[in-house]
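Opened the notebook for a quick pass through this one. I'll jot down what I look up as I go.

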Amino acid sequence: MQMIDIEQLPGGVAAPPVRVGDTPIDEATIALEMQYHPAETAGEAQLQAARALVVRELLRQRASVLGLLSAQDVSEAQEDATIAALLEQELEVPEPGEADCQRFFDTHRERFSEPVQLRVRHILLAAAPDDSQGRDDAYQLGEKLLEQLNEIPERFAEFAQHHSVCPSKELDGDLGWLVSGQTVPELDRALQHLPAGLHERPLASRYGWHVVSIDERKEGRTLPFDQVIDRVRHSLREQATRRALRHYLLMLESEIGVEGIVLDDDAGGSLLQ
């Protein structure tokens, strides 16, 4: 049976139509599911939505064969519970031993460290990503503010209240203590590498330019194994579950039959969210 990846087709439309066994998944259903799969492009969102629906239908049909799901009009909550029971019954996930946990910890120590903490103040000078003139003007204003702040640092609160479009201006620009992941990615990446003090130039984000002061910086530290063994075991168990789920879904795909889409390497990954 031929499998066609949606990404290979004009406009992201699959041909032949997406089908699991004898059950079709129409374009309207895929379009409705897309809201739960944000992506950079509509085609990628459509692909993710279609794959999610295929995975769910594979599991629903398997549950029906085993007699776990008999009614066609069960609620979504009932279906979720049935799918969870199915996976609990059918997936074989090995429990990681302490030696496995120790090896994983030794290889991925950075994942089990306390994050860098930053006490940040900023002044957000708004400019849309597609407004080149607005971004140039905002950047020049940021440079002027930095010139004045280098001479009189005490004016930061004044400038934040007067120029910033972030709600933090009511707190004189204070964002409090931040760790990685608490700001937009482009700003977050830059902040992680800044030393304490007023940064010498404005930093860009999708919202505009940020005049930034790192008031305090607390470096992260690696935690000892005995403090994080539960987290390590959870990470290994999740990896093993993903592998087992992927193999299980590929087996169901082969047995039941899927048309119009190819399941990817992370098939069913959304079920673990």
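Before reading off any kink, I note the term: the bend at a residue is the angle between axes fitted to the seven residues ending there and the seven starting there. This is a predicted model, so I keep that in mind throughout.

**Helix α8**

I went to α8 with that bend in hand and found a kink of about 30°, centred on Arg231. Does the length of α8 agree with its residue count, or disagree? I checked: 32 residues at 1.5 Å each should span 46 Å, and the end C-alpha atoms sit 44 Å apart, so the two agree. Just after α8 comes Gly257, and I read its phi as positive, near 95°.

**Nonpolar cores**

Next I looked up the largest nonpolar core, which has 26 residues. Which of its members touch the most others? Val54 and Leu59 do. I then asked which elements give two or more residues to this core, and got α2 (42-65), α3 (76-90) and α8 (225-256). Of these, α2 gives the most, with nine residues. Another core lies apart from this one; it has 12 residues, including Ile123, Ala127, Ala138 and Leu149.

**Around α2**

I stayed with α2 and picked out Gln48, which is found in that helix. Its relative accessible area is 28%, and since buried would need under 20% and exposed over 50%, Gln48 is partly exposed. I also looked at Gln48 against Tyr36: they are 12 residues apart along the chain, and their C-alpha atoms are separated by 9.2 Å.

Moving on to the loop between α2 and α3, I found Leu66 there. Leu66 comes out as partly exposed, at 32% relative accessible area. Together with Val65 and Leu68, Leu66 makes a nonpolar surface patch of about 240 Å².

**Salt bridges**

How many salt bridges does a search of the whole structure find? I got 15. I wrote up some of them.

Asp174 bridges to Arg119, with the closest N and O atoms 2.8 Å apart. This pair links distant parts of the chain: Asp174 is in strand β4 (residues 174-178) and Arg119 in strand β3 (residues 117-126), 55 residues apart. I looked up exposure for both partners: Asp174 is partly exposed at 22%, and Arg119 counts as partly exposed at 25%.

Then I turned to Arg206 and Glu186, whose side chains meet in a salt bridge at 2.9 Å, N to O. Arg206 lies in the loop between β6 (203-205) and β7 (208-218) and Glu186 in helix α7 (residues 185-191), so this bridge ties together parts 20 residues apart in sequence. For Arg206 I noted 41% relative accessible area, partly exposed. Glu186 counts as partly exposed too, at 22%.

Glu200 and Arg201 were my next stop; their side chains meet in a salt bridge at 3.2 Å, N to O. Are these two buried, partly exposed or exposed? Glu200 is exposed, because its 63% is over the 50% cut-off. Arg201 has 42%, so I put it down as partly exposed.

Last entry: I found Arg56, Glu79 and Asp80 joined into one network by salt bridges that share partners.

Notes:
Residues numbered from 1 in each chain as written. Predicted model: local features only at pLDDT ≥ 70, side-chain atom pairs only at ≥ 80, totals over all residues. Heavy atoms only, no water. Core = buried A, V, L, I, M, F, W, Y, C linked by side-chain atoms within 4.5 Å. Buried < 20%, exposed > 50% of the residue type's maximum accessible area, 1.4 Å probe, protein only. Helix = DSSP H or I, 4+ residues; strand = E, 2+ residues; numbered from the N terminus. Expected span 1.5 Å × (residues − 1). Patch = residues over 30% accessible without salt bridge, like charges linked within 9 Å, V, L, I, M, F, W, Y side chains within 5 Å. Areas by Shrake-Rupley, 256 points an atom, 1.4 Å probe, with all protein chains shown as cover. Salt bridge = Lys/Arg side-chain N within 4 Å of Asp/Glu carboxyl O.
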